[in-house]
Amino acid sequence: MSYYRLSAALIAISCLILTGCQETSPEAEPQGFAGLGENAAAFAEANAYTPLSFPQDHGPHPDYRIEWWYLTANLEDAQGEPLGLQWTLFRQALTPPDERPDPTPWATDQVWMAHLGISQGETHVAAERFARSHSQKASGQAGVKAVPFQAWIDDWILESPPDANFEDFTLSAYSGEGADRFGYELTLSAQGPLIWHGKNGFNAKTVDGQGSRYYSQPYLQITGRVTRNGEAREVSGKGWLDREWSSQLLAPEQTGWDWFSLHLTDGRKLMAYRLRGGGEEGGDYVFGHLLSADGQTELIGPDSVTLTPLETQVVAGRDIPTRWSLTLPDADMQLVVEARHPNRWMPTSVPYWEGDVVVRQAETQESIGVGYLEMTGY
Amino acid sequence: MIWRVLATLLAHYRRHPGQLAMLLLGLWVASALWSSVQAVNATAKDSYARANALFSAEVDQLTRRDGQSLTRDDYLTLRRAGLPVSPMLEGTLEIGEERLTLIGIDPLTLPNDNALGGNGDALTAFLTPPWQTQLAPETIDVLGLSRRQAPGATPTVDNNQRLPPLTLRPELPPNTLVMDIAAAAALLDSDNTLSQLVTAPGALTQPPDGYRLSRAATLASPEQLTDSFHLNLTALALLSLVVGLFIVQAALGLAMEQRLTTLRTLRALGVPAFTLTMAILLELLVFGLVGSALGLASGIWLAGQLLPDVATTLSSLYQADVQRSLVLPWHYWVGSLVITLGGLLLAGSGVLWRAARLEILALGQSQAWRLGYQRQLKRMTQGGAVVAVIAVGLALWLSRLPSGQGVLVSFGFVAALLLGSALCLPPLINGVLRLLQRLLHRRPLAHWAVADIQLQLPRLSLAMMALLIALATNLGVSSMVGGFRLTFLDWLDQRLAAPLYINASPSTLTPMLDWLDAQPDVDETLPTARGSVDLLAEKNARGKETTRERIALFGITPAPTITNRWPLLDTQTGRSAAWSALSARSVFINEQMAVAKQLAPGDVVTLETPQGAMPFEIAAVYPDYGNPRQQILMPTDVLVQRFGGDIASIGLVVNESADRQALRQALADNFDVSPDALVDQQEIKRLATQIFERTFTITRALNGLTLGVAALALFATLLAQARERQRQLASLWALGVPRKTLTQLPLYQLGGLVLLTGVMAIPLGIAITWTLVAIINVAAFGWRLPLYLFPWDIFITLLTALGVALAAAALPSIQLWRSSPQAMLNKGVV
């Protein structure tokens, strides 16, 4: 085949993807994260009546439209310099269960996308991978197996030893070659239980009751090695693994979210998010969860969290809130959460802000923790 | 008042519709040729723009070393090892007579700025049933659909399957269908197998174990490659525009001459010179608009006729796909109109000038005019001298440029040469006529004839200049085409040494070699190979230069069958030394590379090999006509073993008694190749010659048209003064010159004039040929041609010009023959 024909194919795809979306009427097609609010009638719907069931639920749920295995980590290198990293595997169903094509070698009903990010100081590097699979074919370029746990795309892989029971993991992901190479090789071990968010692990995301299945492992202790600019360094610290699946994550009128996962120095964990739009009378939908150090006690429930942006900065041409006020009146907590650096933009196909933050007492400015912040739909 | 003046002026054409026709004909011819070539260029540019978008991402390819087909397992293994490869399927679908290329891709892994566009429905539609067939709008004609029906249609292809719903993508090249790899696999019934594994260029530094990596050859964009081709077309079109405008000039001049009385009357009646000039300008604009409209209409028609040939030429020369239907952007229309109107104003500027300075009382005096013409001749000589100096300057500039550069300068040089010669033509003719007059003073009739032609010269000179330009160009271009033909056919004979060739994919050819060697009928196998390499440095007489550039590699088997005939342009110490050097770690380079990199035998190129950078001495330079790229040649086994090249074809020498048909069948039975994979050398030659012929169809067509236009200009000029001529001849007749002599006189006069012009055109034509083959060709294509001259062709061209001139001169003669003496005398009364 001539290079001309090959290149022809390349343009085909770049026009397909870059302009294709605009060709179908743009008003009817919300882009990016907002698209997660599309109607999903023919897919399975998340509900609060089926309890989570392990280990099966560690694996994929192809009848639901969207799902992820989401790891963030606040680490330090040998010099004590803070370093943040992210690894995410997203799954998205292309067709409802009853419209799947026959499982021929290349037929696909699931698309996988993975993101890798490393941040330190003002530097931030990111990589992205894609793959196709068919839910009726066991192995492929990307996928997730519940037992023994394995989540992979190409050579990026998060896996547990056969008897680890979703408590011990290794993660390996690298991108680029030579001096541009970056990535990590980590060992993760859980120091606390899995946390189910909401009733039976059903997390309502609108007042109308739409939502997702959502559980976390926020008690990860991490050691390993991070490579940047071709240079490796030993790191250690805390990690947070989120599992979530849904067919309609956002209501159509919701535009995005601001999501916090914080490790407080006293061992407590705090998860809080704000869905912009979709709350009562068109307001925001805010949810928070404060957990004790042993994970046994839920300290506060939903309705008692407020999240307010204090300061925005222009990142990638958009106004991004990089300093937040987070209050939990029931727990008598008034916190300020601040990005370590505004340069944490993920320039991926669906761009968003994801980076490490410091947590301070609002009054004393005393540092009381670290964490991760994800902001989408800006 | 101006409208009344205009109406008066235009009334002239009602009485002389022939002049109007001639004027419009000139404008029409000039603008038609110009606009048709511009339409072809605009369409090609549009195609290139699309292709350029494609070329922004070339890809490297992986194949298996063991020659097996790639499968999905290869893909998964490589991906799981972290290699950024993407699967691709390619096949051919037959729809009636037409063949379409079907490409199946995986958009998620293609090496490109790729994006999973959110929940883009377009991506989902591409990836999932019923899938999508993406194709360029031109391609739907092949499917027998109209543009309205096409979107969403699911036409049936020859294997009775239906294509996924069609989606139009104007960005795609013609005759290509693109769809998801799953849909393509179903149509091609390919199951797990793959045609390609591709990766972004340079993404892999080393091929993975068991695989071979073919780098994307560094291709210039088709626009760069074809630039000179379009420049050639444009130059020819400009030439016909100029020649067409000569006709217009002649027609306008004649109309002006005949309306002088009217103009003087109008001025005497009180029309200001300004109004008169404006009225003439308005008249010009009206003609210009009508002529341009005519020209555009027929130009587009002509372009439609030329385009398929141009498209074939471009695809066979440069593999550049040009669509077969015209694309005309707005600037095309405006451009064509502006050029035609601008040309018309230039041609009519003389008339306007004369109208503005019209002396009311002046009488048309031939002798006075002749004196004026002497001044004009002087100016022409001066102008010619200036242009000649410019030509010499350009020639000096060219001689300082490294060879292979300066297409524009060379065209400038040719233009200056043509213009200078054209300007010098009338003074030269005048000088010859004066000499003749002196020689012939004892023969009154001949003396008169020479004096008479001197009188006609002012009007004829423009037509003669046009003829000179057209003749010289015609000679130049036809010598180049003819010379190329000879060289090319010779070269084909030398290059295609083996009587049979097998073309198939590398994975089929490699195992085939052993099988062929075992066949009793096969005397010799001569595999060729292709590959590419990073050129790291080149060292010539001027010094060493480091670089990193991808260069194509070509491998041949240096057996006597090949080495005895393979053409070489330049060697260090003779042919046989060069061939033994090639077998002992030297390389040959093609002429394109020698020109572009200023390399000669004895110089050294450093190439990246798996063992690191290694220097290779250049043993010879070989001609490589028709190849747009630079190339390094080495023995096939070296290319395959050391540079990871692939077997590209196998030349076969079979013994006399061999049954070729049986061999063909045995090949088809033993290997997965179609029986026509075995090609006869004669067949290749025929194909190559066909491509060659097509390449020059356009050149020949335009060339012929230009000469036709020049003949028309001459004809028009002669026709314009036919009436006046009769008047003068009548006086001679009255003086007792026999009618037969009178009839022959114009034939001698004009024949002599054209012959003189023709003789001058010959050296000019040779100069143009030389510039074309030795400078423009090298700059445009990278190869130089030997200078061939074709005396017989020159003779025929001259004869044609003479024939046209005589035919044109014959018309007044025939009129003269038919007129009664009475009528002639009546006209003769001034």
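**A strand in chain A and a bent helix in chain B**

Let me begin in chain A, where strand 8 is joined to strand 9 (residues 182-190) by 8 bridges, the two strands running antiparallel. This is a predicted model, so please take what follows in that light. Within that pairing, A:Phe169 has A:Leu188 in strand 9 as its bridge partner, and in the hairpin that the two strands form, with 6 residues between them, A:Gly176 takes a positive phi near 85°. Strand 8 of chain A is also joined to strand 7 (residues 156-159), again antiparallel, by 3 bridges, and here A:Ile157 is partnered with A:Ser172 of strand 8. Of the 8 residues of strand 8 (residues 168-175), 6 are buried, so the strand is largely enclosed by the rest of the structure.

Turning to chain B, what happens along helix 12? This helix, residues 444-495, bends by about 65° at B:Pro458. A straight helix of 52 residues would span 76 Å, whereas helix 12 of chain B spans only 65 Å between its end C-alpha atoms.

Next, the largest nonpolar core, which has 82 residues, and in which B:Trp566, B:Leu568, B:Phe588, B:Leu633, B:Leu714 and B:Val754 have the most contacts. Helix 12 of chain B gives the largest share of this core, 20 residues. Because domain 2 (365-490 + 696-828) and domain 3 (505-672) of chain B both contribute residues, the core lies between them. Leaving aside neighbours within four places in sequence, B:Val754 is in contact with B:Met464, B:Leu467, B:Leu714, B:Ala801, B:Leu802 and B:Ala805. Apart from this core lies another, of 41 residues, including A:Ala151, A:Leu171, A:Ala173 and A:Trp245.

Key. Residues are numbered from 1 along each chain as its sequence is written. Chains are lettered from A and ligands numbered from 1 in the order in which they are written. This is a predicted model: local features need pLDDT of at least 70, side-chain atom pairs count only at pLDDT 80 or more; totals for chains, interfaces and linings use all residues. Side-chain values use heavy atoms; hydrogens and water are left out. Helices (H or I, at least four residues) and strands (E, at least two) are DSSP runs, numbered from the N terminus. The expected span of a helix is 1.5 Å times one less than its number of residues. The bend at a residue is the angle between axes fitted to the seven residues ending there and the seven starting there. A nonpolar core is a set of buried Ala, Val, Leu, Ile, Met, Phe, Trp, Tyr and Cys residues joined through side-chain atoms within 4.5 Å. Buried means under 20% relative accessible area, exposed over 50%, partly exposed in between (1.4 Å probe, protein chains only). Domain bounds come from an automatic or database domain assignment. Contact means heavy atoms within 4.5 Å. Two strands pair if DSSP finds at least two bridges between them.
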